[in-house]
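Please open the model in a viewer and keep the sequence panel visible. The tour below proceeds by selections, each followed by what is found there.

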Protein chains: 2
Amino acid sequence: MPVWPRCRPGKILDRKTVTIQDVALAAGVSTATVSRAISSPEKVSDATRNTVLEAIRSTGYQVNVTASNLRRQRTGAIMVLVPDLGNPFFSRILAGIENATAARGYSVLFVDTKQPGMEPERIVMHLNGTRADGFISLDGALAGDFLSRHRPGGGQPPLVFACEWADGSDLPHVAINNQSGACLAVQHLVALGHRRIGHVAGPDGNVLTTTRLEGTRKSLNALELPIRDDWFFQGDFSLQSGAEAAEKWLKLKERPSAVFCASDQMAFGFISQLSLHGLSVPQDVSVVGFDDIDIARYYIPPLTTIHQPRHKLGTKAAELLLSQIEKQSPAVGDEILEVELIVRKSTAAPAGN
Amino acid sequence: MPVWPRCRPGKILDRKTVTIQDVALAAGVSTATVSRAISSPEKVSDATRNTVLEAIRSTGYQVNVTASNLRRQRTGAIMVLVPDLGNPFFSRILAGIENATAARGYSVLFVDTKQPGMEPERIVMHLNGTRADGFISLDGALAGDFLSRHRPGGGQPPLVFACEWADGSDLPHVAINNQSGACLAVQHLVALGHRRIGHVAGPDGNVLTTTRLEGTRKSLNALELPIRDDWFFQGDFSLQSGAEAAEKWLKLKERPSAVFCASDQMAFGFISQLSLHGLSVPQDVSVVGFDDIDIARYYIPPLTTIHQPRHKLGTKAAELLLSQIEKQSPAVGDEILEVELIVRKSTAAPAGN
DNA sequence: CTGAAAGCGCTTACAG
DNA sequence: CTGAAAGCGCTTACAG
């Protein structure tokens, strides 16, 4: 009965892993040369390179990424902090991040910051350099004080915000022009003849809420239209909160003839709830959304909304981060992407016109 | 002018990282003891443990995960293969995976298998043990031949399928009962009085397509209802393909009075396209979806559909995988989760009744 | 319960 | 262009 050698701690009878040593042996060169042939081919003569490549093929060698990373003092990963991984709004942004990152040889780690058990301290724990070479946060609510260490030159791995950002922090971010989006929405409604315009806002304290609210207010002001508290509803970007806003709208004595919702989801909730009461859009009220998620054009009615380039938001954020990681470039600015008004069927001239 | 020591390759003037050595020094013990105090506290005396813990606090030490992983011959990560990260259908499944996995101390790597540049060979490259300790694939189209190495006992890191699976492969999977879902849909329509029932199927060759199609056929057969080729439309789960099916339905001389769509998205596309032609659901045709994505209950009309426990699908898959990784348990079976019919407003008795 | 020592698999400055 | 050697930061079998 053969006695199997213990190849590795905890693993018995393991097909021995092929290492760079085995390749070196097979190619008749040193491990240093094998390593160079792989990562800096130009430093190696053609002949040697070919021998090594052949040895790699014949042995079936694959680089051990962990060892390589340890030696190079990096992790080879970037970490993305997402407020809610289950929220489909983020999916295209995440895809953008992953796409841009995979192409550059990094892996992407996703962490759900709103998870039970994900207290701020635990999140901060993740933010140390042994887990990732850099961070992208889609969550603007990360406390700014400890984040400042992640500024370029701060000695910690860089962090960039995407979509949301921490107000008052000087960390770089990639975002869309939220104010401009709100202006486009309001101006579109006004152009249709609306004078009484309401708004369903996002959750309190969120930068997207603030900027879209501000854009709405400014436009209304500039056009000398009323800004009435009872026409401004508090939501949280969710379908449910849009439906709740509709209930409040229904109870109003004097109703706005058009409502601009700070997210498509709230617009759907709003329209859906109205339809339960027999009212329809845009006959009884015009509705504009924000985001242009896929379903918007297939909703009933197809939703007029503000288009966000979500995939691009992700790739831009990833590129910004990677350039910081690799070039250690300290001078990086914010990037603001433009939005676009998409006119569909949920808006029309007000009934009385 | 001071000369800064080069602490590390490629990094000048780096605040020196705190290592286990520093903690050992501060605590007056060996590095072995520090390591034990952290990962197997029971192997260390109370007094020593406290000294070490205090030293960790005072030095601000954080474990270098890469080094630990290299030494322990693991990666500490699991990799999830997603056909399309941008597709919101997956988001809750991914959240489930992440949630279950983070709790157990693993990181989660997401890879988009439908990315340009993501040819099968590149995917297989990812499937080697130096990148992850195990894999979850949401993509059933991975070629089965090379996957067999990932079977329990196959010498490669384990792989489990979630949601989709590779037909004919004996790799474990977590999925829902697709046939049963289709049966529930058909039976519901029949109970309402429908006799002419159509189906919008998913993409060819997909296991979800096949099983849902089979469930539909079987139910129709059992109830002695017609199965007509021109009432079975080919789709691909997308909104767009649902809209295309609606166009075909409109051109039919004899139309089914109810249509069961193999995804909610196709149902939305179908209903939306009909509405463009002035037809409405359920007055002109009843529609059932599949998935119960969040928007389903806020669609107009709220969509009758088959509910999938997507978050649970993710957590179950993660648990199955982790149990294989950790216990190296070779005996793992498939797990089939049950679905549920959610009756809302897109279905009603046929017009002629 | 504790420590000395080996070693996980790589990369790179240094010397030739 | 190439090799010998050091070392990234940890963990663990072994010996005491």
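Contact here means heavy atoms within 4.5 Å. Helices (H or I, at least four residues) and strands (E, at least two) are DSSP runs, numbered from the N terminus. This is a predicted model, in which local features need pLDDT of at least 70 and side-chain atom pairs count only at pLDDT 80 or more, while totals for chains, interfaces and linings use all residues. Residues are numbered from 1 along each chain as its sequence is written, chains are lettered from A and ligands numbered from 1 in the order in which they are written, and side-chain values use heavy atoms, with hydrogens and water left out.

**First selection: helices 1 and 2 of chain A**

Select residues 20–27 (helix 1) and 31–39 (helix 2) of chain A. On the helix 1 side, A:I20, A:Q21, A:V23 and A:A24 meet A:T31, A:V34 and A:S35 of helix 2. These contact residues comprise 4 nonpolar, 3 polar and no charged; Ala, Val, Leu, Ile, Met, Phe, Trp, Tyr, Cys and Pro count as nonpolar, Asp, Glu, Lys and Arg as charged, and the others, Gly among them, as polar. The two helices pack at an angle of about 100 degrees, with axes 8 Å apart. Axes are lines fitted to C-alpha atoms, for helices over the stretch in contact, and angles run from 0 to 180 degrees between N-to-C directions. Helix 1 and helix 2 of chain A are therefore roughly perpendicular, the term for angles of 65 to 115 degrees.

**Second selection: DNA strand D**

Next, display DNA strand D with the 26 residues around it, of which A:T33, A:R36, A:T48, B:I20 and B:R71 come nearest. A residue is near a strand if one of its heavy atoms lies within 4 Å of it. Of the strand D atoms within 4 Å of the protein, 66% belong to sugar or phosphate and the rest to bases. The surface near strand D divides into 9 nonpolar, 10 polar and 7 charged residues, and helix 4 of chain B supplies the largest share of it, 4 residues.

Zoom in on the polar contacts, that is, pairs of N or O atoms within 3.5 Å; within protein, one must be able to donate a hydrogen and the other to accept it, and residues adjacent in sequence count only if both atoms are side-chain atoms. Which distance separates a polar side-chain atom of B:Y61 from a phosphate oxygen of DNA strand D? The distance is 2.5 Å. A backbone N or O atom of B:N64 lies 3.1 Å from a phosphate oxygen of the strand, and a polar side-chain atom of B:S68 lies 3.3 Å from one.

**Third selection: DNA strand C**

Now move to DNA strand C, where A:I20, A:R71, B:T33, B:R36 and B:T48 come nearest among the 26 residues around it. Sugar and phosphate account for 63% of the strand C atoms that come within 4 Å of the protein. By class, the surrounding surface has 9 nonpolar, 11 polar and 6 charged residues.

Phosphate oxygens of strand C lie 3.1 Å from a polar backbone atom of A:N64, 3.3 Å from a side-chain N or O atom of A:S68, and 3.1 Å from a polar backbone atom of B:S30. Helix 2 and helix 4 of chain A, together with helix 2 and helix 4 of chain B, are the elements that give two or more residues to this surface.

**Fourth selection: the ends of helix 4, chain A**

Return to A:N64, whose side-chain oxygen reaches to within 2.9 Å of the backbone nitrogen of A:T66 at the start of helix 4. After this helix comes A:Q73, with a positive phi near 55 degrees.

**Fifth selection: backbone geometry in the loops of chain A**

Most residues other than glycine have a negative phi, and most peptide bonds are trans. A:F237, in the loop between strand 7 (232–234) and helix 10 (239–251), has a positive phi near 80 degrees. A cis peptide bond joins A:V281 and A:P282, with omega about 10 degrees; A:P282 lies in the loop between helix 11 (264–276) and strand 9 (286–288). The bond from A:I300 to A:P301 is also cis, with omega near 0 degrees, and A:P301 lies in the loop between strand 9 and strand 10 (305–307).

Definitions and conventions:
Parallel < 35°, antiparallel > 145°, perpendicular 65-115°, else oblique.
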